[in-house]
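I opened my notebook to look through one structure, a little at a time. Come along and check each entry against the picture.

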Amino acid sequence: QVQLVESGGGLVQAGGSLRLSCAASGIIFSINAMGWYRQAPGEQRELVATIISGTSINYADSVKGRFTISRDNAKNTVYLQMNSLKPEDTAVYYCNINAQSTRGRTVAWGQGTQVTVSS
């Protein structure tokens with residue numbers, strides 16, 4: 001079973017930075033995609049950034065130029081460096097993985113980490 005553990009959320013002032021980490025554990029043969037989504041109160045969960053097949057990177061338009069996603073393949077860990085944070089970035093951030101494991105194709109979500117940006 002694939003599990004994700006997130007860390008790095010918190011409270012920061014507008015213009016500040018935070019770095020989120022997400023470590024995947026379990027028997028993972030390969031990772032198809034790994035990334036971050038977020039959900040603000042009363043809103044749907046939305047894509048923030050993903051790395052597909054280890055090379056292709058996609059960002060939401062709202063975070064381009066401010067957020068950077070990266071992955072440590074040896075540690076099965078994905079990071080999200082968030083700079084120039086804005087109050088509208090406030091949300092619960094969820095890590096997501098699409099991988100091949102002992103159960104075949106597996107999709108898993110982390111428990112979520114709160115990011116709050118004050119104005």
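**Entry 1: Phe67**

I began with Phe67, which is buried, with a relative accessible area of 2%. The model is a predicted one, so I noted every value as computed from it. Phe67 belongs to strand β7. I then looked up where its backbone sits relative to Met82: the two C-alpha atoms are separated by 4.5 Å, although the residues are 15 apart along the chain. Leaving out neighbours within four places in sequence, I found Phe67 in contact with several residues, including Arg38, Val48, Tyr59, Leu80, Met82 and Tyr93.

**Entry 2: Arg38**

Arg38 turned up in that contact list, and I followed it next. Arg38 is part of strand β4, which runs over residues 28-39. Is Arg38 buried or exposed? I found a relative accessible area of 5%, so Arg38 counts as buried. Which side chains make polar contacts with the side chain of Arg38? One is the side chain of Ser62, at 3.3 Å, and another is the side chain of Tyr93, at 2.9 Å. Setting aside residues up to four places away in sequence, Arg38 also touches others, among them Gln44, Glu46, Glu88 and Asp89.

**Entry 3: the disulfide**

I searched for disulfides and the count came to 1. It joins Cys22 to Cys95, with 2.1 Å from S to S. A disulfide is a covalent bond between the sulfur atoms of two cysteines. The angle about the S-S bond is -85°, and the link of Cys22 and Cys95 is left-handed. Cys22 lies in strand β3 (residues 18-25) and Cys95 in strand β9 (residues 91-101), so the pair ties together parts that are 73 residues apart in sequence. I checked burial for both partners: Cys22 is buried at 0% relative accessibility, and Cys95 is buried with a relative accessible area of 0%.

**Entry 4: the largest nonpolar core**

In soluble globular proteins, nonpolar side chains tend to be buried together. With that in mind, I looked up the largest nonpolar core and found 30 residues in it. Which of them touch the most other members? They are Met34, Trp36, Leu80, Met82, Tyr93 and Ile97. I listed the strands that each supply at least two residues of this core: β3, β4, β5 (46-52), β7 (67-72), β8 (77-82), β9 and β11 (113-118). Strand β9 gives the most, with 5 residues. I also traced Ile97: apart from neighbours within four places in sequence, it is in contact with residues including Val2, Leu4, Ala24, Met34 and Val107.

**Entry 5: rings and charges**

How many aromatic pairs are there? I counted 1. The ring centres of Tyr37 and Trp109 are 5.1 Å apart and their planes meet at 70°, so the pair is edge-to-face; for that label the planes must be over 60 degrees apart. Tyr37 is in strand β4 and Trp109 in strand β10 (residues 104-109), so this pair ties together parts that are 72 residues apart in sequence. Tyr37 is partly exposed, with a relative accessible area of 22%, and Trp109 is partly exposed at 38% relative accessibility.

Trp109 had another partner to write down: Arg45 lies over the face of Trp109, at 4.6 Å from the ring centre. My last note is on Arg19, whose charged end sits over the ring of Tyr79, 4.1 Å from its centre.

Terms used
Residues numbered from 1 in each chain as written. Predicted model: local features only at pLDDT ≥ 70, side-chain atom pairs only at ≥ 80, totals over all residues. Heavy atoms only, no water. Helix = DSSP H or I, 4+ residues; strand = E, 2+ residues; numbered from the N terminus. Buried < 20%, exposed > 50% of the residue type's maximum accessible area, 1.4 Å probe, protein only. Polar contact = N/O pair within 3.5 Å; in protein donor to acceptor, adjacent residues only side chain to side chain. Contact = heavy atoms within 4.5 Å. Disulfide = S-S within 2.5 Å. Core = buried A, V, L, I, M, F, W, Y, C linked by side-chain atoms within 4.5 Å. Phe/Tyr/Trp six-rings, centres within 6.5 Å; stacked < 30°, edge-to-face > 60°. Lys NZ or Arg CZ within 6 Å of the ring centre and 35° of its normal.
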